[in-house]
Every structure is written in C-alpha cells, then in structure tokens.
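Biologist: I am new to this structure and would like a close look at one part of it, followed outwards into its surroundings. Please take your time and connect the pieces as you go.

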Amino acid sequence: MATDAEKSSTDLIARFGQLVDSQIETNPALARRLLLTGFKAERLRTQLLPRRELLPSGQLDNRLTLEGVVGALEHPDRMVLTSMFMPSEIFHAMGLYPVIAEAIGDFFSGAQAEQGFVTAAEQRSVPESYCSYHKVLVGATAAGVIAAPRLIANCSVACDANNLTFKWLARHLDCERRYIDVPYDPSEDAVHYVADELRELASAAQDVFNTKLDQRVLSQHVARSIRALDVMERTLPQRARRTMHTTMTIEMMRSCSMHMMLGTPQVDHLMDLVQQEIPAKTHPYAGLNLLWSHTMPYFSVPLQRAVDNSPLAQIVASEMCFDQFRPGGWRHDAGEPFEHMAERLVYNSYNGPAERRVDRLLHLARTTQADGAIVFCHWGCKETMGASQLIKSSLEEAGFPTLVLDGDGCARRNMPEGQTATRVQAFLEMLQSGRRS
C-alpha cells in the first residue's frame, strides 16, 4: 500500500506532466524548459539523496542516463539522435551527445508527460499501433520540444521503427542522416562491411560538426566499452542466488547506459562498482530469480510490488543489458575500433533470426540459475511479438517456465494494470509451487 508521502509525490509528478502536456503545441520552448528543470532537479536528488536500498552501481545508473538526456536537450547543436543498438563511441570521442528514443521515452514517461507527445505524434499521422518510445520521440521533435539535431544516425538493428522513425525525422527536420545497414547473417565479411559504413559515418560527423575525430581517443573509448562488456559477462554467474537490490527502473537505465553511454569514463566507473559489489555487497537470496526479456514498464505499480527490492522475487538479469556478445569472444580489439564496433552490431543477439535471441536467453537463464522468465511484448514491437512464442517454448523446453506479458514500457495508457497484476502473481505462485515440489 502506498504511503501518504508516496501518493503526494505521485500526484505532484502527475500535475507536472499535465503542465508539460498543456504546453507541447502552444509553447514547446516552455515545455522543454519545464522538462529540463525537472530532470536537473532529479539529477540533484540522485547526487544528494540516492536510494539507499540500491547498490552504489544502481544509484549511478539512473544518473548516467539522465545526464545523457539532459546534455542532449541542453546542447542541441551537439546532439545526435541515434538508435538503441548503434555504437556511440564515435560521438562521445568527438564531444557530442548521442541520445536514443528509449532514454527519451523513459524520462518523459517518468515525468508523466509521455501522453502529450504520443498524441502529438498521432496527430501527425503516426499509427496508434506504433512503438510508444518512437511516438514520444517523433511527437517531441515534430512539436519542437526537442530542438532539431544536426545529425541523425541509426542502424537496422533491430526494429521496424528504427528504419521508419529516423527517416521521417530527417526529412521533416531537414537534417543530415546516416544509416548503418547491418547484414542479417554474421561473418567476418559482414564485420568489415559495417566497419566501412561506420568510417563513413565518422567522416560525415566530422563534416557536420566541423570537429576532428581523434583516432587515439576513439580507441580509448572502445577499450572502455570492451572492458565494460567483459565485466558484465564475468559477473553473470555471481548473480545466481544473490540479492541484487535492483528495480525495473535500474535495469532499464542500465540497458540505456550500456548502449547510449558505453565507452565513457562514467560507465567505466560504473563497472568498477559492479566488480566490487558482486558478490561482496550482496547476500544469499531465497526468493525467485527472474530473467527478463526486452524492455520494462518500470512505472507499473503491480510489477514494482512484485520484483522491486522484494524478498519474494527479483530480476536477476535483463536481456537488453547483455545483447552485445560474441560466442568465443571478440576478435577485434581497441586497436581496430571500427571493426570492434561493427562486430558488436553484427553479432548482437537482436540481429538476425530469433534463434540467436533464444540462444542468448538460454545462456543467461542457465548462468544465473533463473527460476523462470518473463518475455515482455512492448506495444508496437513486432520483432518481440513475433519471437515471443519461440522464446517461450524454447525456454520451457530447457526447464525455465516463461510468462509472455503484453503491455507498454513507455505509455501508461497501454498498460493493463489489473490484468498484469493477476497474471504476474499467478506466475510467481506457480514458480514457487514448482520450487517446493
């Protein structure tokens, strides 16, 4: 049951979101200032009053993604609109601010302002069934709340919305766009093909921003990326049967950090904390360990009660934090920065047939000794909807009971709270019964 203080905070945020919504079409500059003020206040809170129930790495996760979004909104002349799986080291090495649809959607939703941007997109003929993260991005940029960037860079991994949203925005905003086409089948030839595309992107970014890309600095960023991915992979087995002190919000923020902010010194520090905490600052966990597939509706109260810092169930690993992986290890190091970034795209578990996601999820489930899995079918994501039954049948055949849950990770109106609570509770009871027997 929510406390009076929690209800008061929720009501205040709801009123703030309504105020932002009321200004989107009539005064977009004011809407942007309101959001920036709110995000800066939240950033200050994360610095001065971090959530004590979280591990230090969890306290840092939210702040890192927040800083990325704030930086992009504050510096539109140095902002790059990009997609979730697109390597960002090129941009960070040039002092730019890459920002992804998922991060924008998460924080605009956190401010309870997402509905106004969804409506703004739908009024511009974006279908109701379209991905809500991308509708928020389209609505915010088309209305002028997010200033037009000088460069848009996206890749074909992994959703239809990537190909449609960024093409439409580049045309509507009349800005430069570069598209990285990632071959469906992984091979060394595919890696070199994508590496050449990334070199062309770097050249375009230098022209657009009139800034020189220092290859030495780029290699330093890529070296930090390789280390971060290695730390995440090495600590996977240590998560098994340990209390992770995590929440859906933190897991979603880490997935953003591990993409949008990967390669930065901040994420390097995050990995220092991860290495120190697991298992030193965790303790044995007797509850249910859940593997989570795809994005997360972190604002859903029933799910928060079920898995956020709960002694009964926790998220032991989330797929979108571990998608950048090549069986047998990376073949290209920081001395070949473009080849390594290309390798991450080509071998990403979201690229290619759904069986690659299945293989990765099976590895995550086994390594963390998960009791079961939840596959979240985010609103408008045809890729996950199409793969969900294959994922479910494959995991269950391997001994991991799986719940396919429909909803929306960004827009509250598409999240059936009552049905979600009933289905999740029944699933957890089934897992607990299976463990006892």
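At what angle do helix α6 (residues 114-122) and helix α7 (residues 132-143) pack, and how far apart are their axes?

Modeller: Before I answer, please keep in mind that this is a predicted model. Helix α6, which covers residues 114-122, packs against helix α7, residues 132-143, at an angle of about 75°, and the axes of the two helices are 7 Å apart. Angles of 65 to 115 degrees count as roughly perpendicular, and α6 and α7 are therefore described as roughly perpendicular to each other. On the α6 side the contact is made by E114, F117, V118, A120, A121 and E122, while α7 brings K135, V136, V138, G139 and A140 to meet them. Sorted by class, the residues of this contact divide into seven nonpolar, one polar and three charged.

From this pair we can step to a second helix contact, that of α3 and α5, whose axes come within 10 Å and cross at roughly 100°. That crossing makes α3 roughly perpendicular to α5. Here N62, T65, L66, V69 and L73 of α3 touch A103, I104, F107 and F108 of α5. The make-up of the contact of α3 with α5 is seven nonpolar and two polar residues, with no charged residues.

Helix α5, residues 101-110, also holds D106, and this residue deserves a pause. D106 has a relative accessibility of 2% and, because buried means under 20%, D106 counts as buried. Leaving aside residues up to four places away in sequence, D106 touches Y133, M252, M253, C256, Y298 and G409. To set D106 against a distant part of the chain, take T422, which is 316 residues away in sequence and, from C-alpha to C-alpha, 25 Å away in space.

Next comes helix α11, residues 248-260, where S255 is found. With a relative accessibility of 1%, S255 counts as buried. When residues up to four places away in sequence are not counted, S255 touches M84, M320 and C321.

S255 leads us on to the enclosed spaces, since S255 is one of the residues that line the second largest cavity, together with E251, M252, H294, T295, M296, S318 and M320. This second largest cavity has a volume of about 40 Å³, and α11 provides the largest share of its lining, with three residues. By class, the lining of the second largest cavity holds three nonpolar, four polar and one charged residue.

How many such cavities are there? The structure holds two cavities of 30 Å³ or more, and the largest of them contains about 120 Å³ of space. The lining of the largest cavity is formed by L55, S57, G58, R239, M244, H245, T246, I250, E251, R254, E277 and I278. Two elements, α3 (56-74) and α11, give two or more residues to that lining, and α11 gives the most, with three residues. The residues that line the largest cavity divide into four nonpolar, four polar and four charged.

Turning from cavities to open pockets, the largest pocket has a volume of about 1,800 Å³. Its lining is made of 42 residues, and S9, T10, I13, R51 and Q304 are the ones that lie nearest the centre of the pocket. The elements that give two or more residues to the lining of this largest pocket are α1 (4-23), α2 (28-48), α3, α5, α11 and α13 (301-307). The lining of the largest pocket divides into 18 nonpolar, 13 polar and eleven charged residues.

The second largest pocket, whose volume is about 530 Å³, is lined by 36 residues, and A158, C159, D160, C381 and E383 are the closest to its centre. This pocket brings us back to the helix we began with, for α7 is named with α5, α8 (160-173) and α16 (382-397) as an element that supplies at least two residues of the lining of the second largest pocket. Helix α8 provides the largest share of that lining, six residues. By class, the lining of the second largest pocket comprises 18 nonpolar, 14 polar and four charged residues.

Key: Residues numbered from 1 in each chain as written. Predicted model: local features only at pLDDT ≥ 70, side-chain atom pairs only at ≥ 80, totals over all residues. Heavy atoms only, no water. Axes fitted to C-alpha atoms, helices over the stretch in contact; angles between N-to-C directions. Helix = DSSP H or I, 4+ residues; strand = E, 2+ residues; numbered from the N terminus. Parallel < 35°, antiparallel > 145°, perpendicular 65-115°, else oblique. Contact = heavy atoms within 4.5 Å. Nonpolar A, V, L, I, M, F, W, Y, C, P; charged D, E, K, R; others polar. Buried < 20%, exposed > 50% of the residue type's maximum accessible area, 1.4 Å probe, protein only. 1 Å grid on protein atoms, 1.4 Å probe; cavity = no way out; pocket = protein on both sides within 12 Å on 5 of 7 lines; lining within 4 Å. Points joined across faces, edges and corners; volume = space filled by probe spheres on them.
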